[in-house]
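Colleague: I would like a close look at one helix and at what is packed around it. Please take me through it in one go.

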Amino acid sequence: MTLKIQIEEIEIEEIDNNIYELLLLGDSSKEMLNDYLGRSQIYLAKKSGNVVGIIVIMPTRPKTLEIVNIAVREEFQKKGIGKQLINYVISMAQKGETRIIEIGTGNCGINQIALYQKCGFRIVGVDSDFFIKHHYKEEIYENGIQCKDMIRMQMYL
Ligand SMILES: CC(C)(COP(=O)(O)OP(=O)(O)OC[C@H]1O[C@@H](n2cnc3c(N)ncnc32)[C@H](O)[C@@H]1OP(=O)(O)O)[C@@H](O)C(=O)NCCC(=O)NCCS
C-alpha cells in the first residue's frame, strides 16, 4: 500500500516497495535509477487498484523524451500491458511538443527489441559495452546471452 501523509499544503508520498521492485525489474542498477528518477515522470498501470506495470519517461533534449524504465509484474506479462504503457506515452507525447521518443535495451533483450519495434521504434545505434562500463556491477544474462551492449532505438512523431 502507498503511504500518503498530508502536511499543511504538501503531500508526501513514499514510494511503495512493490513499485521499487518493479523499477528494479526494468533496470537493475539502483545507481542509475536514483540518478534519473528525480528528473522523470512515472506512470503506473493498475488493475483492480493494484500496480501491475510502470513506465518512466525523462525529457533529455529539446522536443525529445526517453523511456528510461518500463516493467510489468511477471504474472501480468505478455498480456499487452507493456504495449499499452508505451502507446499511452506515444499518444501523450503526440499531444505536446515532443517529436522524438527514445528507448534503449540490452542486446540480450530479444523480446523487448521485438516489442519496441512493434510499437514503431527503429534501431538507431549501439552503445558497445554500455552494461559493462556503466554502473552495472553484476553480469546480466537473458535468453542465454550476456547483456553487454545497449541497443538505442528512436521513434519520430
Ligand atoms: C518488457 C515488458 C515491459 C513487456 O511488457 P508485456 O506486458 O509483457 O508486453 P506485451 O504483452 O505488451 O507484449 C507486446 C509484444 O512484445 C513481445 N513480447 C513481450 N514479452 C514477450 C515474451 N516474453 N516472449 C515473446 N514475446 C514477447 C511480443 O512480441 C508482444 O507482441 P504481440 O502483442 O504481437 O504478441 C515486460 O516483459 C517486463 O516487464 N520485462 C522485465 C523488465 C524489462 O525487461 N523491462 C525493459 C527493460 S529495457
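Modeller: What follows starts with helix α3 and then moves to its surroundings.

The model is predicted, so local features need pLDDT of at least 70, side-chain atom pairs count only at pLDDT 80 or more, and totals for chains, interfaces and linings use all residues. Residues are numbered from 1 along each chain as its sequence is written, and side-chain values use heavy atoms, with hydrogens and water left out.

Helices (H or I, at least four residues) and strands (E, at least two) are DSSP runs numbered from the N terminus. Helix α3 covers residues 81–95, which is 15 residues. The expected span is 1.5 Å times one less than the number of residues; for α3 this gives 21 Å, and the end C-alpha atoms are 21 Å apart, which agrees.

Buried means under 20% relative accessible area, exposed over 50%, and partly exposed in between (1.4 Å probe, protein chains only). In α3 the buried residues are I81, G82, L85, I86, V89, I90 and A93. The elements that cover them include strands β3 (41–47), β4 (50–59), β5 (64–72), β6 (100–106) and β10 (150–156), together with helix α4 (110–118).

Strand β5 contains I67, which is buried at a relative accessible area of 3%. Contact means heavy atoms within 4.5 Å. Leaving aside neighbours within four places in sequence, I67 is in contact with V89, and also with I55, V56, I57, I101, E102, I103 and F121. I67 and G104 are 37 residues apart in sequence, yet their C-alpha atoms are 7.8 Å apart.

Strand β3 meets the helix through an aromatic pair. Rings of Phe, Tyr and Trp (its six-membered ring) pair if their centres lie within 6.5 Å; planes under 30 degrees apart count as stacked, over 60 as edge-to-face and the rest as tilted. The whole structure has three aromatic pairs. In one of them, the rings of Y43 and Y88 have centres 5.5 Å apart and planes at 65°, so this pair is edge-to-face. Because Y43 lies in strand β3 and Y88 in helix α3, the pair ties together parts that are 45 residues apart in sequence. Y43 is buried, with a relative accessible area of 19%, whereas Y88 is partly exposed, at 43%.

The ligand has polar contacts here too, a polar contact being a pair of N or O atoms within 3.5 Å; within protein, one must be able to donate a hydrogen and the other to accept it, and residues adjacent in sequence count only if both atoms are side-chain atoms. A backbone N or O atom of K83 lies 2.8 Å from an oxygen atom of the ligand. For a polar backbone atom of G80, the distance to a ligand oxygen atom is 2.6 Å.
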